[in-house]
Amino acid sequence: MTMAGRLPEPYSQGSGANLADILERVLDKGVVIAGDIRINLLDIELLTIKLRLIVASVDKAKEMGIDWWEDDPALSSRARRNELTRENAELRERLARLEPLEAAIAEREREEEERQ
């Protein structure tokens, strides 16, 4: 019996474990993919796109000093709360500056009404 007519199986039984091991290793070590795309016309640069992709676990990214998601209000509830707290403080400060002005304007209007 010959094996020439038999096709290999697309996935072996151990491939799931191998894929998991590879994924774990990639996330543990991290992978960086970088590239630039430049579009020129007659030696005039029209467009430059710089692409940077990092695939790593959160812990590895933090080790590398990458933690932008912690400060992005769209991705972090803590950052969203901090932004709202800051915005609230700014609005209170503006209101504190406007209230004396509003009181002064109201006082002037009363004085003008009394004169008439």
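1. In this predicted model, a convenient place to start is the residue pair D36 and K50, since K50, in β2, is the bridge partner of D36. The pairing belongs to a ladder in which β1 and β2 run antiparallel and are joined by 11 bridges. D36 and K50 also appear among the charged contacts, to which point 6 returns.

2. As to the overall layout, the protein chain has three helices and two strands, and read from the N terminus the order of these elements is α-β-β-α-α. The two strands are β1, covering residues 31-41, and β2, covering residues 44-55, while helix α3 takes in residues 77-115.

3. The figures for the whole chain deserve a careful look before any single residue is discussed. Of the 116 residues of the protein chain, 3% count as buried, and the chain exposes about 10,900 Å², of which carbon and sulfur atoms supply 56%. Among contacts with a separation of 6 or more, those between residues 24 or more positions apart make up 18%.

4. The turn of the hairpin should be checked with particular attention to its backbone. The hairpin of β1 and β2 has two residues between the strands, and in it L42 takes a positive phi near 55 degrees. D43, found in the loop between β1 and β2 as well, has a positive phi of about 60 degrees although it is not a glycine. For context, most residues other than glycine have a negative phi. With regard to the side chains, are L42 and D43 buried or exposed? L42 has a relative accessible area of 76% and therefore counts as exposed, the cut-off being over 50%; D43, at 79%, is exposed by that cut-off too.

5. In helix α3 there are two salt bridges whose partners both lie within the helix. R97 forms a salt bridge with E93, the closest N and O atoms being 3.0 Å apart, and these residues are four positions apart in the helix, about one turn; E93 is partly exposed, with a relative accessible area of 49%. R110 forms a salt bridge with E107, again with the closest N and O atoms 3.0 Å apart, and because R110 and E107 are three residues apart in helix α3, about one helical turn separates them. Both ends of this second pair are partly exposed, R110 at 44% relative accessibility and E107 with a relative accessible area of 36%.

6. Salt bridges are not confined to pairs of this kind, for D36, K50 and R52 are joined into one network by salt bridges that share partners. The total for the model comes to eight salt bridges. Which residue forms a salt bridge with R78? The partner is E70, and the closest N and O atoms are 4.0 Å apart; as the criterion is a distance within 4 Å, a reader who applies another cut-off may wish to inspect this pair individually. R78 itself is partly exposed, with a relative accessible area of 43%.

7. A last point concerns N82, which is found in helix α3 and, at 47% relative accessibility, counts as partly exposed. How far apart in space are N82 and D71, C-alpha to C-alpha? The distance is 9.0 Å, for two residues that are 11 residues apart in sequence.

Methods: Residues numbered from 1 in each chain as written. Predicted model: local features only at pLDDT ≥ 70, side-chain atom pairs only at ≥ 80, totals over all residues. Heavy atoms only, no water. Buried < 20%, exposed > 50% of the residue type's maximum accessible area, 1.4 Å probe, protein only. Pairing = 2+ DSSP bridges. Contact = heavy atoms within 4.5 Å. Areas by Shrake-Rupley, 256 points an atom, 1.4 Å probe, with all protein chains shown as cover. Salt bridge = Lys/Arg side-chain N within 4 Å of Asp/Glu carboxyl O.
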